Each structure stands twice: as structure tokens, then as C-alpha cells.
Amino acid sequence: MKTTCPYCGVGCGVAVNGGSITGDMSHPANQGRLCIKGSTLAATLDDSNRLLVPAVGGKQVTWDEALNEIASKFIAIIAEHGPDAVAFYGSGQFLTEDYYVANKLMKGFIGSANIDTNSRLCMASTVAGHIRAFGEDIVPGCYDDIDAADLLVFVGSNTAWCHPVLFERALAARAARGTKIIVVDPRRTATAALADLHLPVRPDADVGLFLRLLTALDERGHIDATFVASYTQGFSGTLQAARATAPTAATLGISESDLEVFLDLFCNTPRSVTLFSQGVNQSTSGTDKVNAIINVHLASGRIGKPGTGPFSLTGQPNAMGGREVGGLANQLASHLRFDDPTDRAALESFWSTNTLARKPGLKAVELFDAVLAGRIKAIWIAATNPAESLPSSTRVRAALEACPLVVVADCWPTETTRLANVVLPAAGWSEKDGTVTNSERCISRQRAFRSPPGEAKPDWWMFAQVAKRMGFAAQFGYTKPADIFREHARLSGHGNNGTRLFNIAQYQNLSDAEYEALQPFIWGVPRFFAAGKFPTPTGLANFVAVTAFAFKKNDISFPFILNTGRLRDQWHTMTRTGFVPTLMESSVEPNFSVSQADASKYTLDAGDLVRVTTRHGSAVLPVAISDAQREGEIFAAMHWTQTHNATGNINQLVGPARDPHSGQPASKFEHAAIERLPVFWHGILQTRKLSRPSGQFYASRVPLAGGMHRFTMAGWKPLAFGDELSDWAARLCGADADAERVELLDAGRGTYRLGILQNNRLLACFFMAPRKQLLPGNQGLAALFGVPHWQVNRIGILMASAKPMVDSGPIVCVCHRVSEAAIRTAIRERHLDDIAGIGSALKAGTNCGSCKGELAEILHSEIAQSVTSQELVT
């Protein structure tokens, strides 16, 4: 069985053979390669924590009861408050068929455009930039351009971690043809560590950098005057604006010499591709950043040719498919536009509706603001967890708590399902059937290879069933995904005389068997705009005049800039990856990462607890000290939520500021303050039951084999010894009233140990001490829980060894389970001096390659340390 990976926008093909999941050698996106998340997909197929049956008001009901409840409430709310009082919030995890039915129901028959998705947090600025420049949301190039380029510029994209399969192609191009790699990023990421040049620009300085590049192209004679004159409009004004506002290297935060290397390389390298992602999109100037990048490619004529072009790296597996069907609030459907009467008339006739939405709906942040304000009375959320993933997540939770009707469809319990009136069990990857579109416009089949657990159903079916109950049975008579895909394909050609480039009408008559066997294909042509024809009213591409970001003086109350982003081995709010032990090994707990200079300034040591506060919230985590950070900046991974971290989720720190054109939130630029907290006690909680401890302490969860969970804890408030501590610890362990407790309390040493047993079986244990060194090591804890129930030794539980296991550091290469300590030892003892040598010695970096950036950093630090040691000796 061949299907497609459910993670990032690379869209890798996957082959399933029994319990084995491997890369699909025949898929054009990955040609058999998978990253570590894709390689461990089989480990996510654990149904033990799945939602299995519908529930209304916390009580199990039948599907008919749940669907009737939703439909009747929707009908009543629309009758009293109008169609804009209801909303849908979907996901880039949707298949295209899910998106299509949801969009059709909301915009076509409910009559509101209040349908948005978590893709708003991902690629909305790119969509807006494409439409401003090209007239349509078109990715001009394809992955083969990476192989054909002589210069690859990665902007705001830690591709080595977030799209590792594609970055391996970049490294292969460098090895094969000498391709230069430049990374533009405030942080020295894994991608930057592997680059020929890293430009650590200030946050949001990207527009200014590309203004400098545009003026350099002009001054040094690299404008393609024929292309500009024949196929574009607005160049003169755009160049004039660039000359007036292009900043200095110092303003950009980089050296004049590094800036000159960048300008010279780009100007003199015709085969140049600029690849960008969330560092560009998630900004109050995100759309302008996209257009600043497109401007230099239009000006130099580097678009539509092999090895050229601006290239957006999509974050989610089917954000592109959602854009094709109109899954965003400001899109209509199939690249049809709200502001074109002809487009609206075409869609009305195709869908046979007289209730088509007349104007764009509310975008994600605005949508939940409307829920909080009471303007939206009912919201259906599917395949996403906005209570923890959206900016100002505390405000989002308040909105959902206040909303009269919250419907949530998901595979697993989340903070969002907890706030729902109606919970619907959804089929997930491996169970759903449909299509997805990747970053290069390649449509692939995602096939089901097992049955959904319990009564779980696909999202398209849920939306269609509610549509029927609302009186639209004739228009929603789908019986299978192939029916929906054929209609979607037919709509792409309806009234399309070539003005819309998105057109897959050749697939509208696929048989069910042909749909089942459908092979991956890129819609349109691999490279658009080679002939200079653009889907604008004039047929010309638009230059868009933009100005550099206006940096303001730091607020002394919030002197830092907080930047949030991804980890290599995790995904979104970790509802899937956060329960796979292997995927936690490279980053076992969250942290706030700061520079060495800031650590010295604030007297911070690695592992200290710090509280980071913004105008929107605060969180407490250990601090990490990193050479990757610029002074005055903090980095935190966006994945951590209350399920995995007791002090709350990271996204509560990010405010609602967003791009004025795209509505995409600025998740990478939040003013923040930091303070060191005292630590009065350290603790370890290990339990068979998933719990969510919270209080005046830090607690980070790690999944363990056998379905157990371990929390590493530290308290910034002292605990009083006595019965109160005993009862608190028992609650922390999730102990039932009749559970047996075994305890050891030593107030003099400040230590406490508790074991919870049921039927002679150890269920949980909690150990507390004033120093980490007095706590049992991981091996000792594992031994306690591995004892058969008939051999449980209560004294042994309390006397678990305080000798910690040897700290080998994080697992750097998860594929081959190679630790940092092993890598450093091999470098020193075997005198290794390159990544290939490490791979030959230890296999690290030889599978998915996503750890090569870390290998480069470790190698660099070991060589630097060796040089320093030699200098001291001499």
C-alpha cells in the first residue's frame, strides 16, 4: 500500500507493508527518503487514547444524535442571528476532500465565509504575496529547481529540521555541482550550521535585506531589462522605494563584508532559488517580505527557468490543498475570487445555490475574537487544537468557554476537545482516504490501510451528514472521497477559459478504480511563467513597492524579543509525536534559549528556572545557553502545551499582532522579559496514568515505553513537610482513595519518597529532594516498574538508588541512536574532521540527515576546543 506522510509540506510518499512503514522509492517528492518523524509513523498507530464515540455534554451518544444536535443548533442560531453567527475552523491536516465539503457547506449553503484553518498560521502571507504579484496563488517552481540551482538562499527557514528531505537535496546539489547555500536567519540554526554563509539578521529585517539586493541588482547591471519591460509592471516605483528605504548593514544586524558576499553571489549567479518559510510568513510584515523576495526574482528574470525562482516551503501536509479548494476565509473556491462578480456567478451556478457568501469571512485571530465577543454563537473545529496552538491561547480558551456551541472533531483528547459541547471521533492518518497537495503542487493519494477504531469517521462524512440534516441533501450526496475529488476537479475547469492557472479538469471523469490507483502529479506545468504570461488582468506580473521594517527602541520593561519555532522531531502541539518515546530523545524537555552574553548579564546557568513574561502571559522553563542566539533574543519551541508542561503552553506568550494583508500572526517577534527563579526542590514523578500536574512548579512530561510517563519537576515555592505534603503528592500521582501508599519522609535532609500501589502493582512514584543529585536515576526508576507484581518490594521502592545513570547527553542521531557524548568521544579519539567521517564511524547522519546540522556544530566546538587547548600548551 502506498500513501503519503501526514507531517510537513514536502509530501513524502510512504510505503506500508504490514507493520513496516518505509519511504516510497517511486514518489517524486522523496524517492524513498524519510525523516525521523516519517520513519516512526508506525509508532503513532496506538489507539489506546483515541476518541471512539460521539459525545454531547460529556455523555456518549449515537452519531445520529450528535449530528442532529449540531444541525438543529446551527439552524436555530442562523435563523436568529444570521449565517455569520456560525464558523468553521479546520486544518492543514485535512485531506482535500475534507476541505472541499466543509468549504462548500459554509460558503455555499450556510452563506458565510467564516471558515478558516490553522494554515492561516502557516502560509497565509505567501498566499497574499503570490496574489499581489502574480494575480493568483501560484508556486512558480518545483523541487527539481533545488537540484539545478547554483545558489540556494534559505530565508526564515530551518529547513534541515523542518523539511529535512528537501535539505538533503540541497546538500546533494552542493556536492554534485558546487551549489552555494546561504541562510538568512537571526538564529544559528542547524541549517545555518551547514551553510556557506549565514546572515544573522535582526528579527524582521528580511524586507530591508531584499531591498538592498534589489538596489544592488540595479547598480551592478543585473536587471533583466527585457523581461521587466515585456512581462511586468510597477518596477520604476518599486525600485525608487527601495532606494529610499534600503537600510545599512548595521541596521540589518550583519557585517558589511557578509552583506557584500551575499549581494555579489546573488547578482552573479543566474541560477538562484530563494526558499522561505515561517520566518518570512509569521510576521506583521510577512506579505511584504514575500513580495520583496519575488521582486528580486522578477527584476533579474529568475523565474520560470530551471534552477530559479521564489519558493515557499509549506509547513503542513495539505495547506496547499486547502488553498486550492478555498479553505481560507478570504478565498472563495478553486482560485475563484470574492471580488469578481463573474467568479461568484460561476460558483453559484456550479453549486446550484442562491446563498453563496458575498464577502470574505473572519481570519483565524479575528474569528476567535468574534467568538469571545459573542458575535459567533457556534463554531465547529476539526483536526486542530487552537486552544493551545493559536497566539494568545488563554484568550482563545476563554472564547471557547463562553461560546454556546463548540463542536470539535479530533482523533485524541486535547485542550480543545475538553472545552467542547459536542465531541466527534475522527478518523486519522492510516484510516482516511483522499488527496493532498505538497509544496511543489504535486497531488498525491493518501490511502487508508486500516479501519478507524470505534465509531471514528472521516471529516468529509461528518460535514456532509450535517449538510443533509440542514436541508441540503441533494448537494451533498457523496458516498466516497472519489465523488468529492471528481467534483473538485470539475469545478477547477468550470468557466475557466485560461484565466485561472489552477485547473485539474482532466481528472473530473476518473473512475473509482482510476482514483484508487491515481499516481502523484504536479498540476499545471512544473514551472510557471517561463513564457512571461501571468494571471493578472493585464497579463503582467506586479512589482509591489515595500518598505523596510521600522525598528523601535526596546521597551525597558520587555527588553528581549521572543521567537517561537519548531523542533526537529516534534509536530504542532504534540498530540501525536509527543507520545512516541523515540521522538522525545533529542529534546527531552522544553527550555528558553538565550545567548551567552545574556546568561552572563542575568547570572544564569544552564538548567536554571526562568520566568519569561510578555504582555500576554508568562511561562516558567529551564534556561538553555546557546551560541545560536543573538544577544537580546529568546527562542522557545512552540510545541509545548499543558499536556506536556505544567507551566502552560508557549503560545500563550504570543500576542495577536498580525500581518495587515494576510492576517497571519507574528509568532516570531514578541517583546519579553526574563527573570531567574529560585529552586527549592527537585522532583521526579513516574506514572502509568497520563496526568497533568500543575502548581507553583515546573513539570515536563516524557513518554516512556510501555505507556508510562515521567515528569521532571522543580519548584520555585517551598513545600511544607507533613500530612499536607503526603496528600498533595498522592493527588499528584493520581492515587485513588483506596490505593496503598508507601512513604519515606526525611525533613532534615529535605527528601520525600512516595509509591502508589494498587493490587500489589506499582502505579506511580514521586521522589523529591533539594538537589537533583539526590533523586533516583532513570535506570533505577525503570527497574522499579519492571518488577512483577508478585515480587514488589515496598522497601525497595523507597530505597531506589540515588545514583543517576551516566549522562550521555541528548540523542543527536535518533535514526541510529547515537548520543552527543558518543559523537564527541569519536571526534577526539578517532581525530574526525568532517560530517562524513562521523557518519562512517557511527552512522550518525547517514539515514534521514536531519541531524547533520547538530553534527556540524559539535564538530565545530570540538575543533575549536582542540585549537584552544593547543594554544594553551604552546
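## Worked exercises on contacts and strands

At 24% relative accessibility, Asp47 counts as partly exposed, a class that lies between buried (under 20% relative accessible area) and exposed (over 50%), with a 1.4 Å probe and protein chains only. The model is predicted, so local features need pLDDT of at least 70 and side-chain atom pairs count only at pLDDT 80 or more, whereas totals for chains, interfaces and linings use all residues. Residues are numbered from 1 along each chain as its sequence is written, and side-chain values use heavy atoms, with hydrogens and water left out.

**Exercise 1. Determine which side chain meets Asp47 in a salt bridge, and which parts of the chain the pair ties together.**

Step 1. Apply the criterion: a salt bridge is a side-chain nitrogen of Lys or Arg within 4 Å of a carboxyl oxygen of Asp or Glu. Side chains of opposite charge can pair when their charged atoms come close. By this rule the structure has 50 salt bridges.

Step 2. Identify the partner. The side chain of Asp47 meets that of Arg450, with an N to O distance of 3.0 Å.

Step 3. Place both residues, taking helices (at least four residues, H or I) and strands (at least two, E) as DSSP runs numbered from the N terminus. Asp47 belongs to the loop between helix H1 (36-39) and strand E4 (55-56), and Arg450 to the loop between strand E18 (442-446) and helix H22 (459-469), so the salt bridge ties together parts that are 403 residues apart in sequence.

Step 4. Assess the accessibility of the partner. Arg450 counts as partly exposed because its relative accessibility is 25%.

**Exercise 2. Establish where Asp98 and Lys432 lie, and whether they are buried or exposed.**

Step 1. Find the contact. The closest N and O atoms of Asp98 and Lys432 are 2.6 Å apart, and the two residues form a salt bridge.

Step 2. Locate the partners. Asp98 is in helix H3 (residues 96-110) and Lys432 is in the loop between strand E16 (422-425) and strand E17 (434-437), so parts 334 residues apart in sequence are tied together.

Step 3. Classify them. Asp98 and Lys432 are both buried.

**Exercise 3. Analyse the pair Lys289 and Asp204, then name the residues of the network that includes Asp47.**

Step 1. Lys289 and Asp204 form a salt bridge in which the closest N and O atoms are 2.7 Å apart.

Step 2. Lys289 lies in helix H15 (residues 286-299), and Asp204 in the loop between strand E10 (197-199) and helix H9 (206-219); the pair therefore ties together parts that are 85 residues apart in sequence.

Step 3. Lys289 is buried at 2% relative accessibility, and Asp204 is buried with a relative accessible area of 7%.

Step 4. Asp47, Arg50, Glu431 and Arg450 are joined into one network by salt bridges that share partners.

**Exercise 4. Find how many disulfides the structure has, and describe the surroundings of Cys411.**

Step 1. A disulfide is a covalent bond between the sulfur atoms of two cysteines; the criterion here is a pair of cysteine sulfur atoms within 2.5 Å.

Step 2. The search of the whole structure finds 0 disulfides. For Cys411, the nearest cysteine sulfur is that of Cys5, 15 Å away.

Step 3. Cys411 is buried, with a relative accessible area of 9%, and Cys403 is buried at 6% relative accessibility.

**Exercise 5. Give the strand order of the open sheet that contains E27, and describe how E27 is paired and covered.**

Step 1. The open sheet has 6 strands with antiparallel pairing, in the order E28-E29-E27-E32-E31-E30. Its edge strands, each pairing on one side only, are E28 (697-703) and E30 (740-746).

Step 2. Two strands pair if DSSP finds at least two bridges between them. E27 is joined to the antiparallel strand E29 (residues 709-715) by 7 bridges, with Trp681 opposite Gly715. On pairing with strand E32 (residues 761-769), E27 makes 6 bridges in the antiparallel sense, and Thr687 stands opposite Ala764.

Step 3. In E27 (residues 681-687), 7 of its 7 residues are buried. One face carries Trp681, Gly683, Leu685 and Thr687, and the other His682, Ile684 and Gln686.

**Exercise 6. State which phi values His572 and Asn760 have, and where the two residues lie.**

Step 1. His572, although not a glycine, has a positive phi of about 50°. His572 is in the loop between strand E21 (560-565) and strand E22 (592-594) and counts as buried at 17% relative accessibility.

Step 2. Asn760 has a positive phi near 65°, in a residue other than glycine. Asn760 lies in the loop between strand E31 (751-758) and E32, and is partly exposed with a relative accessible area of 27%.
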